[in-house]
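Subject: Structure for you to look at

Hello,

Here is the structure you asked about, followed by notes on what was found in it. Please read the notes with the structure open.

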Amino acid sequence: MESENSYWAENLRLILICLVIWFVVSFGFGLLLVEPLNEIRLGGYKLGFWFAQQGSIYVFVGLIFWYTAQMNKLDKKYKVEEE
Amino acid sequence: MDELKLYTYIAVFGSFALYFAIAWWARAGSTSDFYVAGGGVTPIQNGMAIGADWMSAASFISMAGLIAFLGYGGSVFLMGWTGGYVLLAMLLAPYMRKHGKFTVPEFISDRYYSKTARIVAVICLIIASLTYIIGQMKGVGVAFSRFLEVDYGLGLGIGMMVVWVYAVLGGMKGITYTQIAQYCVLIFAYTIPAIFISLQLTGNPIPQLGLGSTLADGSGVYLLDKLDMVVTDLGFKEYTTDNMGGTLNMFAYTMSLMIGTAGLPHVIMRFFTVPSVKAARSSAGYALVFIALLYTVAPAVGAMARLNLMNTIEPSAGQHMVYEERPQWFKDWEQTGLLKFEDKNGDGKVQYVADAKTNEMVKVDRDIMVLANPAIANLPNWVIALVAAGGLAAALSTAAGLLLAISSSVSHDLMKGVLTPDLSEKNELLAGRIVMTISILVSGYLGLNPPGFAAGTVALAFGLAASSIFPALMMGIFSKKMSGKAAVAGMCSGIGITMLYVFQHKGIMFIPGTSFLGGLEENWFFGISPNAFGAVGALVNFGVAFAVCKLTGEAPAHIQQLVENFRIPKGAGEAHAH
């Protein structure tokens with residue numbers, strides 16, 4: 001019971017980290033901060049525009065795989081993985 | 001028969017033959033096969049199937065066109081329809097897979113120990129899925145009538161028959177394997193023309209890089225800078241900064257699409273088909289990889305199509321296309337009524353500007369951007385033929401997923417779960433097939449006679465999923481104490497306020513003239529458009545549910561134990577009925 005509680009707490013911490021990044025790259029860089037970021041160029045892209053139409057999607061993909069890998073480790077650490 | 005038509009017939013009917021062969025090979029023998037493909041789908045296979053399930057006629061045909069004309073504002077669709085997968089992977093899919101049931105309403109009914117909750121979930125699911133199917137059926141009819149010059153109704157009939165064969169025969173198992181084939185067809189059909197066009201315009205074969213490159217005409221100007229210049233010269237808003245009704249509206253819109261995506265039952269259901277919790281997490285990742293392949297190409301297709309269109313009509317500033325010398329694709333699309341020219345100043349030349357008074361391109365339908373793109377760029381006929389097969393694959397795969405969501409909620413949740421609990425497995429399977437046949441007929445009828453409110457229905461589908469299903473599932477997993485009463489109250493108030501907002505601005509059931517506040521932007525709550533209101537509905541849902549839970553007491557101990565249990569992966573078997 002004790003270990004299940006700390007498993008869940010660690011999971012929640014991971015989710016929180018991921019969701020902060022998720023929010024920052026899309027709503028942050030792509031929407032709220034788009035104007036200042038657009039002053040910076042990435043080749044032909046304005047940076048804010050790039051985050052809104054390309055960058056955020058790449059980060060989303062990376063986030064899911066990172067979370068999956070971390071959870072697999074966590075499952076092992078607490079011995080709650082499937083048989 | 002000309003060459004293009006011959007190629008198109010080969011591409012379309014060749015792909016149909018493939019789907020039939022797969023359906024025959026993957027026939028369903030049990031309810032487990034029928035609802036969750038026997039629970040033996042690998043994460044990569046499931047990722048592809050989710051990709052095809054998710055990417056509809058709207059993603060394939062309409063999205064790039066929307067982006068072409070909305071510019072930066074179109075980002076809401078790109079971020080909204082992909083960001084939802086992050087939420088699915090972390091907040092819903094693994095726990096729902098662990099619980100191991102067949103349908104979304106079944107999960108809600110177990111977690112909230114309430115038949116009322118189950119019925120509310122079934123109603124939301126059926127409304128959201130049916131409205132979504134109408135769009136797919138229209139897509140099928142349109143693709144047939146434009147590319148093969150078959151009558152719209154006949155095309156729709158052929159499409160219905162194809163879905164019937166593999167969805168009714170194969171259930172989730174048949175649908176899964178045909179969706180994998182359909183994903184391959186549609187991604188191929190989408191990216192090949194994009195690669196050609198990117199090469200032509202920028203010399204870079206990768207569209208995602210081409211969009212950020214300089215033009216290949218030797219001018220050294222970046223493609224996006226050129227596009228900004230061309231559209232602002234004609235009085236349109238700057239492509240890379242046009243923000244569609246302001247930041248707050250874009251914010252709410254993106255959020256609504258994200259949580260709506262995570263709450264759509266036909267997508268969640270696909271996570272029940274994998275063998276483990278681990279596989280549920282990673283298949284969300286693979287799904288997003290396969291979806292991102294199309295979604296990162298779409299903004300390039302949109303921008304490049306817009307630039308090509310502008311350049312055709314006005315090759316250089318002040319030099320306009322002579323109407324009599326218009327290219328063949330222009331004539332073809334004029335015939336469909338989706339492109340209309342009116343020579344207002346009588347000079348025989350085409351002026352395309354933002355000002356409605358002098359603009360002579362009186363209609364440029366957004367949907368033609370993807371469909372006409374290969375022709376505008378003078379691509380070979382076999383590429384154009386591919387686009388037809390791809391559009392059909394996108395529409396059929398999504399329709400099949402939605403049909404399964406509807407039929408399982410009726411045969412498994414309503415009949416087996418509530419009305420006739422002693423239904424045998426064999427009869428449940430039969431009931432599932434009959435319900436699916438009826439749903440195909442109903443959606444075919446609605447596709448043939450689209451109700452007046454069809455255009456507004458996508459907003460409703462996402463609004464319902466975002467304001468009712470997503471919050472109920474999330475609270476069920478992350479708040480042990482959340483009670484059944486509170487969840488039902490939350491769902492009903494979330495849907496209630498979203499429907500009220502959509503209807504008061506767009507008309508009751510979208511009937512014009514019944515909108516009591518009018519569609520006027522001044523009346524929008526903080527400038528949030530009705531399509532973007534699902535996020536507000538979700539907030540109301542959370543708020544009401546927590547308040548009611550505080551007042552009426554928490555969930556009983558055995559339910560809290562159930563939640564503890566599905567929070568850890570250990571002990572997950574394959575999805576089962578009881």
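For the helix packing below, axes are lines fitted to C-alpha atoms over the stretch in contact, and angles run from 0 to 180 degrees between N-to-C directions. Please keep in mind that this is a predicted model.

Helix 5 and helix 11 of chain B

Helix 5 of chain B covers residues 75-99, and its axis lies 7 Å from that of helix 11 of chain B, at an angle of about 45 degrees. The two helices of chain B, 5 and 11, are therefore oblique to each other. Their crossing is right-handed. On the helix 5 side the contact includes B:Gly80, B:Trp81, B:Gly83, B:Gly84 and B:Leu87. On the helix 11 side, B:Met250, B:Tyr253, B:Thr254 and B:Leu257 are among the residues that take part. Sorted by class, this contact has 13 nonpolar residues, five polar ones and no charged ones.

Helix 11 of chain B and helix 1 of chain A

Helix 11 of chain B (residues 247-263) also packs against helix 1 of chain A (residues 2-32), with an angle of about 155 degrees and 11 Å between the axes. Angles over 145 degrees count as roughly antiparallel, so that is how helix 1 of chain A runs relative to helix 11 of chain B. This crossing is right-handed. Chain A brings A:Ser26, A:Phe27, A:Leu31 and A:Leu32 to the contact, and chain B brings B:Thr247, B:Met250, B:Phe251 and B:Thr254. Five of these residues are nonpolar, three are polar and none is charged. B:Met250 and B:Thr254 appear in the contact with helix 1 of chain A and also in the contact with helix 5 of chain B.

The contact between the chains

Taken as a whole, the contact involves 35 residues of chain A and 42 residues of chain B. On the chain A side, helix 1, strand 2 (45-46) and helix 3 (47-77) each give at least two residues. Helix 3 of chain A has the largest share of that side, with 16 residues. The side of chain A that touches chain B divides into 21 nonpolar, nine polar and five charged residues.

Chain A

Chain A has three helices and two strands, which follow one another from the N terminus as α-α-β-β-α. Its C-alpha trace spans about 50 × 20 × 15 Å along the principal axes. The radius of gyration of chain A is 17 Å, whereas a compact globule of 83 residues would have one near 12 Å. Of the 83 residues in chain A, 37% count as buried. For contacts in chain A between residues at least 6 apart in sequence, 50% join residues at least 24 apart.

One residue to look at is A:Val59, which sits in helix 3 of chain A. Is A:Val59 buried or exposed? A residue needs 20 or more other C-beta atoms within 10 Å to be buried, and 12 or fewer to be exposed. A:Val59 has 18 within that distance, so it is partly exposed. Setting aside residues up to four places away in sequence, A:Val59 touches A:Ile21 and A:Val25. A:Val59 and A:Glu81 are separated by 22 residues in sequence and by 27 Å in space, C-alpha to C-alpha.

Chain B

Chain B contains 22 helices and two strands. Its radius of gyration is 24 Å, close to the 25 Å that the globule rule gives for 578 residues, so chain B is as compact as a globular protein of that length. The C-alpha trace of chain B spans about 80 × 55 × 45 Å along its principal axes. Of the 578 residues in chain B, 57% count as buried. Among contacts in chain B between residues at least 6 apart in sequence, 81% join residues at least 24 apart.

B:Asp110 belongs to helix 6 of chain B, residues 104-111. With 17 C-beta neighbours inside 10 Å, B:Asp110 counts as partly exposed. Beyond its neighbours within four places in sequence, B:Asp110 is in contact with B:His99 and B:Lys101. B:Asp110 and B:Leu562 are 452 residues apart in sequence, and their C-alpha atoms are 8.9 Å apart in space.

Regards

Methods
Residues are numbered from 1 along each chain as its sequence is written. Chains are lettered from A and ligands numbered from 1 in the order in which they are written. This is a predicted model: local features need pLDDT of at least 70, side-chain atom pairs count only at pLDDT 80 or more; totals for chains, interfaces and linings use all residues. Helices (H or I, at least four residues) and strands (E, at least two) are DSSP runs, numbered from the N terminus. Angles under 35 degrees count as roughly parallel, over 145 as roughly antiparallel, 65 to 115 as roughly perpendicular and the rest as oblique. A crossing is left-handed if the near helix is turned anticlockwise from the far one by less than a right angle, and right-handed if clockwise. Two residues are in contact if their C-beta atoms, placed from the backbone, lie within 7 Å. Ala, Val, Leu, Ile, Met, Phe, Trp, Tyr, Cys and Pro count as nonpolar, Asp, Glu, Lys and Arg as charged, and the others, Gly among them, as polar. The radius of gyration is taken over C-alpha atoms; the globule rule is 2.2 Å times the number of residues to the power 0.38.
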